[in-house]
Amino acid sequence: MIQLTQVIGAWLLASILLPTAAAHTATYYVATTGNNSNPGTSSKPWRTVAYAVSTMVAGDTTYVLDGTYNEGTIRFRRSGTRSAPIKLLNYPGHAPRINFIDPTAIHRILIQHSSGPNVAIGWITIEGLELVNGHDGIKFHSLHDSTIRRNWIHDNRFMGIMGVGGTRNVFEQNRINHNGWFEACDAGGTKAAYCILHHGMYMHGSYYTIANNIIYDNLSYGITQNGSSSSSYSSSVHPGPEFATASNWVIAHNTFAYNRHRGGIVVWGGACDDTRIENNIFYENNVTNRHNAAQGIEFVGAGGANGMSIRNNHFYASGSGNTLQYSGPQPRDLVSTGNVVNVSPPRFVDAPDTLPDSPNFALTAGSPAIDAGLPLETTRTSFDGTPRPQGRAPDIGAYEFSGGADAKSPAAPVGLQAH
């Protein structure tokens, strides 16, 4: 009986995730001069992003033009398909700003199927948007086969990105900074707990790729990989077991810096199996050093995690934060090789030991991060789109230095899913 139930459940999940033909394919436009009674064409655009998202079905794309859009909750309620995804994009060359009206009213981009949070929703792309002043920038439930790319997600009240279950999602080339309730934390008292509760990214799910992002000056961790008991499979939360845990993540070529009260990453819980943390820069995190945690990677209850590798990362802190590479009990079979700890700063264009107004994490000539990374076959461009590698090997961190050529040929790429 148990086997029959499992077979039926797998068949139902497969039927949800199989691609189907789109009813139609349309391209829509949103502009500050538009009106939601318009047809959403380039000459007669809509006025709000929320209206566009509520209208789109599989195969549809919406372009958002320059300007500031004061929005409430923007909710994706339906899936795209493999051959006909739903796309919300900046118009080429434009930088639209979505200013959420009220974070206390839970305003944000919400990706949640209309049938409930435990129903799969996927094949969605969100790209090229500035998301500010929300409860979170983006929150998703049961998201699969989707991409969040080239967004600037900052000054949101709780998380930059919060994910409750998902699988096969990509988060790349985003700038995620100053998320969290800083005012409440600074006020102290009973609100001091907020200092370690709000993060750049806080997610669980399987087969995530988090690459070429700049994650800095968030209230607590840059990334929380939630493999704790709260990520365990539950039919009331997840469409299937692959949407649970926090396994098979690749966290590569990111730059973590100046995160306020914790380090760059926390590996939380024993369900963080087969995680790869490679080619990242961890710089001046855990600025306040309030909890004696690592400025790099903190392990919390992760001793039972299996198959974890941490390779070719650059760790540096001058003293504004704890200089530790790791803290907490490490996974028993952790592979840690090629990492450089506090030997030399990464030599950014403009990122001193304390946070400047407008940091620039691009590398300068002579940086020890240049040509020091592992070749990874699915991480072939950098934060700004520069192809990797420019020289003998890819650079560590979100940027690829292109000021000069290396005399040696690039090394062969290494598969991201191989160990």
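Helices and strands here are DSSP runs, numbered from the N terminus; a strand needs at least two residues. The model is predicted.

**Exercise 1. Place P389 and describe the peptide bond that joins R388 and P389.**

Step 1. Locate the residue. P389 is in the segment after β31 (360-363).

Step 2. Look at the bond. R388 and P389 are joined by a cis peptide bond. Its omega is about -10°.

Step 3. Set this against the general pattern. Most peptide bonds are trans.

Step 4. Follow R388 further. R388 forms a salt bridge with E400, with the closest N and O atoms 2.8 Å apart. Both E400 and R388 lie in the segment after β31, so the pair ties together parts that are twelve residues apart in sequence. E400 and R388 are both buried.

**Exercise 2. Trace the open sheet of ten strands and find its edges.**

Step 1. Write down the order. It is β3-β6-β10-β13-β15-β17-β20-β23-β26-β29, and the pairing is parallel.

Step 2. Find the edges. β3 (68-71) and β29 (340-341) each have a single partner strand, so one side of each is left without a neighbour in the sheet.

Step 3. Zoom in on one pair. β17 (residues 214-216) and β20 (residues 255-257) run parallel and are joined by three bridges. I215 has F256 as its bridge partner in β20.

Step 4. Recall what holds such pairs. Strands of a sheet pair through backbone hydrogen bonds.

**Exercise 3. Classify the ring pair F158 and W181, then look at what sits over W181.**

Step 1. Start with the count. There are 23 aromatic pairs.

Step 2. Apply the cut-offs. Ring centres must lie within 6.5 Å, and planes over 60 degrees apart count as edge-to-face. The centres of F158 and W181 are 6.3 Å apart and their planes are at 70°, so this pair is edge-to-face.

Step 3. Place both rings. F158 is in the loop between β13 (152-154) and β14 (161-172), and W181 is in the loop between β15 (175-177) and α3 (182-187), so the pair ties together parts 23 residues apart in sequence. Both F158 and W181 are buried.

Step 4. Add the charge. R157 has its charged end over the ring of W181, 4.4 Å from the centre. Another such case is R175, which lies over the face of W152 at 3.9 Å from the ring centre.

Step 5. Note a cluster too. Y216, Y258, Y283, Y316, F348 and F361 form one aromatic cluster.

**Exercise 4. Describe the largest nonpolar core through I161.**

Step 1. Take its size. The largest nonpolar core has 56 residues. F76, I111, I161 and I297 have the most contacts inside this core.

Step 2. Find the main contributor. Strand β16 (residues 201-211) gives the most to the core, with four residues.

Step 3. List some contacts of I161. Leaving out residues up to four places away in sequence, I161 touches residues including I138, F140, I153, F171 and M203.

Step 4. Separate the other core. Another core, of 17 residues, lies apart from it; Y316, F361, F383 and A398 are among its members.

Step 5. Relate this to a general tendency. In soluble globular proteins, nonpolar side chains tend to be buried together.

**Exercise 5. Sort I106 and E284 by phi, place and burial.**

Step 1. Read phi. I106 has a positive phi near 60°. E284 has a positive phi near 55°.

Step 2. Recall the usual sign. Most residues other than glycine have a negative phi.

Step 3. Place them. I106 is in the loop between β6 (97-100) and β7 (109-111). E284 is in the loop between β23 (281-283) and β24 (297-300).

Step 4. Judge accessibility. At 34% relative accessibility, I106 is partly exposed. E284 is buried, with a relative accessible area of 0%.

**Exercise 6. Examine two salt bridges and one network.**

Step 1. Begin with the total. The structure holds eleven salt bridges.

Step 2. Take E172 and R149. Their side chains meet in a salt bridge of 2.6 Å, N to O. E172 is in strand β14 and R149 in strand β12 (residues 147-149), 23 residues apart. R149 is partly exposed, at 22% relative accessibility.

Step 3. Take E298 and R262. Their closest N and O atoms are 3.6 Å apart. E298 is in strand β24 and R262 in the loop between β20 and β21 (265-268), 36 residues apart. Both E298 and R262 are buried.

Step 4. Join the partners. E127, R149, R150 and E172 form one network through salt bridges that share partners.

Technical notes:
Residues numbered from 1 in each chain as written. Predicted model: local features only at pLDDT ≥ 70, side-chain atom pairs only at ≥ 80, totals over all residues. Heavy atoms only, no water. Pairing = 2+ DSSP bridges. Phe/Tyr/Trp six-rings, centres within 6.5 Å; stacked < 30°, edge-to-face > 60°. Buried < 20%, exposed > 50% of the residue type's maximum accessible area, 1.4 Å probe, protein only. Lys NZ or Arg CZ within 6 Å of the ring centre and 35° of its normal. Core = buried A, V, L, I, M, F, W, Y, C linked by side-chain atoms within 4.5 Å. Contact = heavy atoms within 4.5 Å. Salt bridge = Lys/Arg side-chain N within 4 Å of Asp/Glu carboxyl O.
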